[in-house]
Amino acid sequence: MPSLNPNAEPDSFRGLPGGASRLRVAVPSVATRVAAELRLQIAEGDLQPGVKLKEEALSEELGVSRNTVREAFAELVSERLLVREPNRGVFVASLGAKDIHDVYTVRRAIEVSAVRGGGTPERIAAVRAAVEEGKRAAAAGDNEGLGSANQHFHGALVALAESERLNTIMSQVLAEMRLFFHKASVDGGFYQHWLADNDQICQALEAGKTELAAERLTDYLNRSEEHQTAVHAAGSVASK
């Protein structure tokens, strides 16, 4: 995990005489940056459901105060990515069946809309890059790498819209996705099931057929939600 130096001056301030103090309000707080790093690690599968996060260890690793880590924890608890258990500590959340429909509702709203709007050649190239990343991971038998490539694919779809607000929302959604994908990905072929769909959606975008891409993505998300619901329902029955 990279060190987050609270005293580092952002590149955007360099060479701006007298401007740093006026612009500093636009810079994310150190706690927000710590939260963003932890959110990314959840989305990438590096922090898995149920893992305990140790305040002191993170403080030392990131080079920030323990109070900053606490603020970051509070932000992620409010996003339901972490849970605080009295007398036990802070843990990465384990999402369940009740969360699935809500997350997929958000995904249909922002991913499909972004795809329907199309994007620049550069943005579409980023979608293609995520597909090819997935193919390489699949060829290497790297299931976790394939999972990360799938995350990058969906992030690239939303990035088509070139909206920082949507990208921020999607960063939380990607983290939530990875949390409940862990249960489904016990099946080693889970992510591979979706690789062909990703390629077809990308091909439609590359051909300028945005409505076809949106239709394929909608079908994809509907099937994915059904699959996740079934997996988590089966898990709930098994645990009783």
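**Exercise 1. Trp 194 and its aromatic partner**

Task: In this predicted model, determine whether Trp 194 is buried or exposed, and describe how its ring is arranged relative to that of Tyr 220.

Solution.
1. The relative accessible area of Trp 194 is 7%. Buried residues have under 20%, so Trp 194 is buried.
2. Tyr 220 has a relative accessibility of 2% and therefore also counts as buried.
3. A pair of aromatic rings is described by the distance of the centres and the angle of the planes. The count of aromatic pairs comes to one. In this pair, the ring centres of Trp 194 and Tyr 220 are 5.0 Å apart, and the planes stand at 50 degrees, so the pair is tilted.
4. The pair links distant parts of the chain. Trp 194 belongs to the loop between α8 (164–184) and α9 (195–206), whereas Tyr 220 lies in helix α10 (residues 210–238); 26 residues separate them.

**Exercise 2. The surroundings of Glu 111**

Task: State which helix holds Glu 111, and identify the residues with which Glu 111 is in contact, leaving aside neighbours within four places in sequence.

Solution.
1. Glu 111 is part of helix α5, which spans residues 97–116.
2. Its relative accessible area is 0%, so Glu 111 is buried.
3. With neighbours within four places in sequence left aside, the contacts of Glu 111 are His 154, Leu 157, Val 158, Met 170, Leu 217 and Leu 221.

**Exercise 3. Packing of α2 against α4**

Task: Classify the packing of helices α2 and α4 from the angle between them.

Solution.
1. Helix α2 (residues 30–43) packs against helix α4 (residues 66–78) at about 55 degrees, and the axes are 8 Å apart.
2. This angle makes α2 oblique to α4.
3. The crossing of α2 past α4 is right-handed.
4. On the α2 side, residues making the contact include Val 34, Ala 35 and Leu 38; on the α4 side, Ala 72, Phe 73 and Leu 76 are among them.

**Exercise 4. The sheet and its hairpin**

Task: Give the strand order of the open sheet, and describe the pairing of β2 with β3.

Solution.
1. The sheet has three strands in the order β1-β3-β2, with antiparallel pairing.
2. β1 (52–53) and β2 are the edge strands, each pairing on one side only.
3. Strands β2 (residues 82–85) and β3 (residues 89–92) run antiparallel and are joined by four bridges.
4. Within this pairing, Arg 84 stands opposite Val 90 of β3, and Glu 85 has Gly 89 of β3 as its bridge partner.
5. Three residues lie between the strands of this hairpin, where Asn 87 takes a positive phi near 65 degrees.

Definitions and conventions
Residues numbered from 1 in each chain as written. Predicted model: local features only at pLDDT ≥ 70, side-chain atom pairs only at ≥ 80, totals over all residues. Heavy atoms only, no water. Pairing = 2+ DSSP bridges. Helix = DSSP H or I, 4+ residues; strand = E, 2+ residues; numbered from the N terminus. Buried < 20%, exposed > 50% of the residue type's maximum accessible area, 1.4 Å probe, protein only. Contact = heavy atoms within 4.5 Å. Phe/Tyr/Trp six-rings, centres within 6.5 Å; stacked < 30°, edge-to-face > 60°. Axes fitted to C-alpha atoms, helices over the stretch in contact; angles between N-to-C directions. Parallel < 35°, antiparallel > 145°, perpendicular 65-115°, else oblique. Left-handed = near helix turned anticlockwise from the far one by under 90°.
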